[in-house]
Amino acid sequence: MAKRSLTGAQILWEAVVNEGTDVIFGYPGGAILPAYDAMLDYPQLHHVLVRHEQGASHMADGYARVSGKVGVCVATSGPGATNLVTGLATAMMDSIPMVAITGQVPSFAIGTDAFQETDVTGVTLPVTKHNFLVTRVEDIEPTIREAYYIARSGRPGPVLVDITKDAQNARMDFEASTEPIKFAGYRPTHEIDDVDMAEAIRLINEAERPVILAGHGIAMSGAGQAFQDFVNEAQIPAAMTLLGLGGFPASHPLNLGMMGMHGEAWVNQAIQEADLLLAFGMRFDDRVTGNPATYATNAKKIHIDIDPSEINKNIQVEVGIVADLREALEVINPQLSATNPEKRKAWIDYVYYIKGDAAVRDIQNMPDHGELYAAHVIHDLWRHTEGKSVIVTDVGQHQMWEAQYYKHDYKNKLLTSGGLGTMGFALPAAIGAKFGAPDEDVWAIAGDGGFQMTACELSTCAQEKLNVNICLINNGFLGMVRQWQEFFYDRRYASTPMLSPDFVMLAQAHGLQARRVEKREDVEAAIKWARETEGTCLLEFVVVQEDTVYPMVPTGADLDQMIRRPERSAIVESADDRI
């Protein structure tokens, strides 16, 4: 192809299109205006106008999680770029491939405290996998190519490209590069160590009480089938991290459910009694381990992760294998041998014995005084959607209830901010997910607190004519913070009772439809109405205010030292005492 005379702004979009991107989320401003003007010449790019730059970063994140592609967001310099920071940190903690493109003041003005100048690369260095400052037109295309490569390779993550306004305006003769990316010092892949692999296989085959700790890496590496083959052949029960939910079907008999702070009690107990832990694509987060000094002290540990920095970072292991999980399992699976089938069967029977009827007990034993519980809402949403919808949660109590009561059998159907715990994530990330999977039924589940942080994106739903349904759990509190105050601060509810707007009227003000639900018997009809109604619908569920997520491992406590739900009689007596 012959060279063409293009501006840097045009070259930017040439490079973005060549990387396979067809939708971007952004907000214009002075330093990025050349790029926005040039965007009009690229109708294959659909630009989603957000109402706040944080929304753009969460939309790019949600798009990437559900599609597996690189999500792209755009902002101007200064406050526009800094408004992306929370979304970049969210993506960084959860290993989401994103490219953020920001405008910067002209190169000659850098360092002068020019209008809307900020050292964006300095600000975002801790919350990106890598970032670039581009000051020359000839560097725009190779930098964009490198950004996409870094974002999607190895352990994925967000990359920021800051481009000065003069570089966007400058012109050069351009021809798209076809050369392979060569990035000095960057090793996204690693050879599997044969000695470590042999030791791991020996430990797996000899273990009598093994438990798998299954994380986000299962879905991200495309290891779902290989992982199921491993579980079926080795007959090892699997505990899931929050981000691991859906990577292994919840209905599988060897899926124990979620581990950790708000995981299932029997799962945490099984981990503490195991003789071998197999950590697959997870990072031993503190919400998973509890007190690391007392964490599974009788268990040997095998850790497989694509990022070498995770091995022995939080928990010391006997064997650490740096590899893509799917590739590692493809090596392990043919070498499995159930040397102790009866003893392993006894272990599985024991785990199910300590589980008992707990899977249904909480729903059945909730007091029924005509009040609506958030767990009922989540459970009914799961039943009505048959577990097939894409669920995007915010952060708080509803996030944990979703993990407990919406059973995920399919990968990439639960999108949630796991590592950073970002309130305000649900609505914009659900918008991004809808663009990434337009044929899916997408639900945002949010609390009244987090929802108000990004509620302005309701207008984005209206402008884009999206079918994104919103399940708003309204308990009149910042619920999870209130729960901590209940348990650890003598019910001194400092700044957690929350006055909210009329959410039904708020949705209608944005041109959307909405309903309020206050009784359990009305939940299913409301869900059915929302799914059958064209456009975005908001369902406000007014639930019991002082409800609590059980079980809970207090911060720093041993994993099996959980605060459990009181028996029904105790709940009723406590309620009577307050009356």
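**Reading salt bridges, burial and overall fold**

Analyst: Let's start with one residue: at 42% relative accessibility, Arg152 counts as partly exposed. Buried means under 20% relative accessible area, exposed over 50%, and partly exposed in between, using a 1.4 Å probe and protein chains only. This is a predicted model, in which local features need pLDDT of at least 70 and side-chain atom pairs pLDDT 80 or more, while totals for chains, interfaces and linings use all residues. Residues are numbered from 1 along each chain as its sequence is written, and side-chain values use heavy atoms, leaving out hydrogens and water.

User: Thanks! Which residue forms a salt bridge with Arg152?

Analyst: A salt bridge here is a side-chain nitrogen of Lys or Arg within 4 Å of a carboxyl oxygen of Asp or Glu. Arg152 pairs in this way with Glu19, and their closest N and O atoms are 3.1 Å apart. Glu19 sits in the loop between helix H1 (8-18) and strand E2 (23-26), whereas Arg152 belongs to helix H7 (residues 140-152), so the bridge ties together parts that are 133 residues apart in sequence. Helices (H or I, at least four residues) and strands (E, at least two) are DSSP runs numbered from the N terminus. Glu19 is also partly exposed, with a relative accessible area of 22%.

User: How many salt bridges does the structure hold?

Analyst: There are 26. Another one joins Asp139 to Arg136, with the closest N and O atoms 3.0 Å apart. Asp139 is partly exposed at 24% relative accessibility, and Arg136 is partly exposed at 42%.

User: Where do Arg383 and Asp380 lie?

Analyst: Both are in helix H17 (residues 374-385), three residues apart, which is about one turn of the helix. Their salt bridge has its closest N and O atoms 3.1 Å apart. The two partners differ in cover: Arg383 is partly exposed at 42% relative accessibility, but Asp380 is buried at 3%. Bridges can also share partners, and in this way Arg155, Asp307, Glu310 and Lys313 are joined into one network.

User: Now for a residue inside: is Phe541 buried or exposed?

Analyst: Phe541 is buried, with a relative accessible area of 1%, and lies in strand E20 (residues 537-542). To read its surroundings, take contact as heavy atoms within 4.5 Å. Leaving out residues up to four places away in sequence, Phe541 touches several residues, including Leu372, Val377, Cys471, Ile473 and Val523. Arg516 is 25 residues from Phe541 in sequence, yet their C-alpha atoms are 6.1 Å apart in space.

User: Zooming out, how many helices and strands are in the protein chain?

Analyst: The chain has 25 helices and 20 strands. Its radius of gyration is 25 Å, close to the 25 Å that the globule rule gives for 579 residues, so the chain is as compact as a globular protein of that length. That radius is taken over C-alpha atoms, and the rule is 2.2 Å times the number of residues to the power 0.38. Of the 579 residues, 57% count as buried. Among contacts between residues at least 6 apart in sequence, 75% join residues at least 24 apart.

User: And how many positive and negative side chains does the protein chain have?

Analyst: It has 47 positive and 76 negative side chains, and the centres of the two sets lie 2 Å apart. Lys and Arg count as positive and Asp and Glu as negative, without His or the chain ends; each charge is placed at NZ of Lys, CZ of Arg, CG of Asp or CD of Glu.
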